[in-house]
Amino acid sequence: MKRKKGKRVRFQKIIMGLLIFFCVVLFAALLHLFWLVYSGKDDRTEQNPMPSTSPASPTPAIISPTPEAVPAEGSEPTPEAMPTVDPAPTQRPMDGPPEYPFRTEDITIEIPGLKREYTLAWVSDLHMVSDLEPATDVQEEYMETIQVRYEFFKTEDGVYSKDLWPEIVRFLNYGNFDGVIFGGDMIDYCSKSNLEIFLEGYRCLNAGQIMYIRADHDYGYWYGGDVLKEADTHDLHVEIDGNVFEEKLMDFEEFIIVGINDSTQNMSYEQYDSLVDVLGRGKPVIIVTHVPYESKVDESLEQLSMDFRNKIYYWGGGDYVPYGATEQYFEIVYSDYTSICQVLAGHLHKPWDGNLTERVKQHIFTPAFEGTIGMIHIIPEEQE
């Protein structure tokens, strides 16, 4: 019995030893396998540092950079090279010839004693509309009216005013003019969208001198509801002309072009004083105004206004009766001794050319939304 018991104990010890041996071997194998897996993971991380798009992805995702994220050739990537939102609007190239076949409306102004000829471009009454859905400053209740106006302001061949604007800029840049005059109502009403689109082109202009005068539609806050007031529209124009109001000048040394800002309203005495100063400098003056002036010698302007607008649509009658500083200004315009030789205007949406007095001429331009750009040729007066 003792012998059998001893054999059983030895057998149990052998079995226990084998079990311990196999456990040690298994533990060592698992430890080695764990080391291999951990080491391999570190190697992959060093070779492919870009993270996976999801935990289940077996390999890193490849992310293609956007054009803004591609650094310049030969340079190191910088934080500025990462995609960002550009606060300035994207601008189309505007340095080549226009594709649209514009008509030109040419006028000639003769001034005594000029040493050379000057050519300027005139653009007014584009009435650009770009809001085709409600916005913060364009209320939904007015969208039907805005849509009607959007459809109205286009060329005969169907180019809308907002799409014509980049072509106008190309025309102005390609023409190498001595100056460019914007004679009012470039936008149909004041909104962030309209002004941004206007500024996209305005920033690209390369003319020597630029005059931008504002009129009622440039200030129009009619569709903004309670969120847009007239004072706000004045602030929105700061980027265009620095909010210069009283005095708009192009001084060519031999003559001066002076703009009448916001000419749908009677002027202030501050504006009047600025005009008097310019008119007294002893140089010939060309007046730029949005609203035309009454002719004292030609009844055809009144006839055109009544036929087309069914009312007097210029200063001197209808809604434009001068008083105060404006009345005093017109005494200078119609004076026999005025330094004004020419008045340039828009607003009527019909062209007219004639005399205000025997001394002062006036030209009213065709609106730009019809695909017409004015060409002003200022030349030396021929000696008899």
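How many of the 14 residues of helix 3 are buried? I began my notebook with this question, and I keep in mind throughout that the model is a predicted one.

**Entry 1, helix 3.** I looked up the burial of helix 3 and found that eleven of its 14 residues are buried, which leaves the helix mostly covered. The helix runs over residues 161-174, and from its first C-alpha to its last it reaches 20 Å, close to the 20 Å expected at 1.5 Å a residue. I noted the buried residues by name: S161, L164, W165, P166, E167, I168, V169, R170, F171, L172 and N173. I then asked what covers them, and the cover includes strand 1 (103-111), strand 2, strand 3, helix 4 and strand 11 (372-380).

**Entry 2, positive phi values.** Helix 3 is followed by N176, whose phi is positive, near 55°, and I recorded that this residue is other than glycine. N176 sits in the loop between helix 3 and strand 3, and at 70% relative accessibility it counts as exposed, because the cut-off for that class is over 50%. I also looked at D262, which is likewise a residue other than glycine with a positive phi, here near 50°. D262 belongs to the loop between strand 6 and helix 8 (269-279), and its relative accessible area of 11% makes it buried.

**Entry 3, H127.** Is H127 buried or exposed? I found H127 to be buried, with a relative accessible area of 2%, and I placed it in the loop between strand 2 and helix 2 (143-152). The side chain of H127 makes a polar contact with the side chain of D188, at 2.8 Å. Leaving aside residues up to four places away in sequence, I listed what H127 touches, including R149, F153, D185, H217, H349 and F369. S161 is also among the residues that H127 touches, and S161 is one of the buried residues of helix 3.

**Entry 4, aromatic pairs.** I counted 29 aromatic pairs in the structure. For Y118 and F255, the ring centres are 5.0 Å apart and the planes stand at 85°, so I entered the pair as edge-to-face. Y118 lies in strand 2 (residues 118-123) and F255 in the loop between strand 5 (248-251) and strand 6 (256-259), so this pair ties together parts that are 137 residues apart in sequence. Both Y118 and F255 are buried.

I next took Y189 and Y223, whose ring centres lie 5.1 Å apart with their planes at 85°, so that pair is edge-to-face. Y189 is in the loop between strand 3 (179-182) and helix 4 (192-202), while Y223 is in the loop between helix 5 (216-219) and helix 6 (230-236), so the parts they tie together are 34 residues apart in sequence. Both Y189 and Y223 are buried.

**Entry 5, an aromatic cluster.** Which residues form one aromatic cluster? I wrote down Y293, Y313, W315, Y320, Y329, F330 and Y334. The charged end of K296 sits over the ring of Y334, 4.9 Å from the centre of that ring.

**Entry 6, the whole chain.** I closed with totals for the protein chain, whose secondary structure comes to ten helices and eleven strands. Of its 384 residues, 41% are buried. Among contacts between residues at least 6 apart in sequence, I noted that 74% join residues at least 24 apart. The accessible surface comes to about 22100 Å², and 54% of it belongs to carbon and sulfur atoms.

Technical notes. Residues are numbered from 1 along each chain as its sequence is written. This is a predicted model: local features need pLDDT of at least 70, side-chain atom pairs count only at pLDDT 80 or more; totals for chains, interfaces and linings use all residues. Side-chain values use heavy atoms; hydrogens and water are left out. Rings of Phe, Tyr and Trp (its six-membered ring) pair if their centres lie within 6.5 Å; planes under 30 degrees apart count as stacked, over 60 as edge-to-face and the rest as tilted. Helices (H or I, at least four residues) and strands (E, at least two) are DSSP runs, numbered from the N terminus. Buried means under 20% relative accessible area, exposed over 50%, partly exposed in between (1.4 Å probe, protein chains only). A charge sits over a ring if NZ of Lys or CZ of Arg is within 6 Å of the ring centre and within 35 degrees of the ring normal. Contact means heavy atoms within 4.5 Å. Accessible areas come from the Shrake-Rupley method with a 1.4 Å probe; for residues, only the protein chains shown count as cover. A polar contact is a pair of N or O atoms within 3.5 Å; within protein, one must be able to donate a hydrogen and the other to accept it, and residues adjacent in sequence count only if both atoms are side-chain atoms. The expected span of a helix is 1.5 Å times one less than its number of residues.
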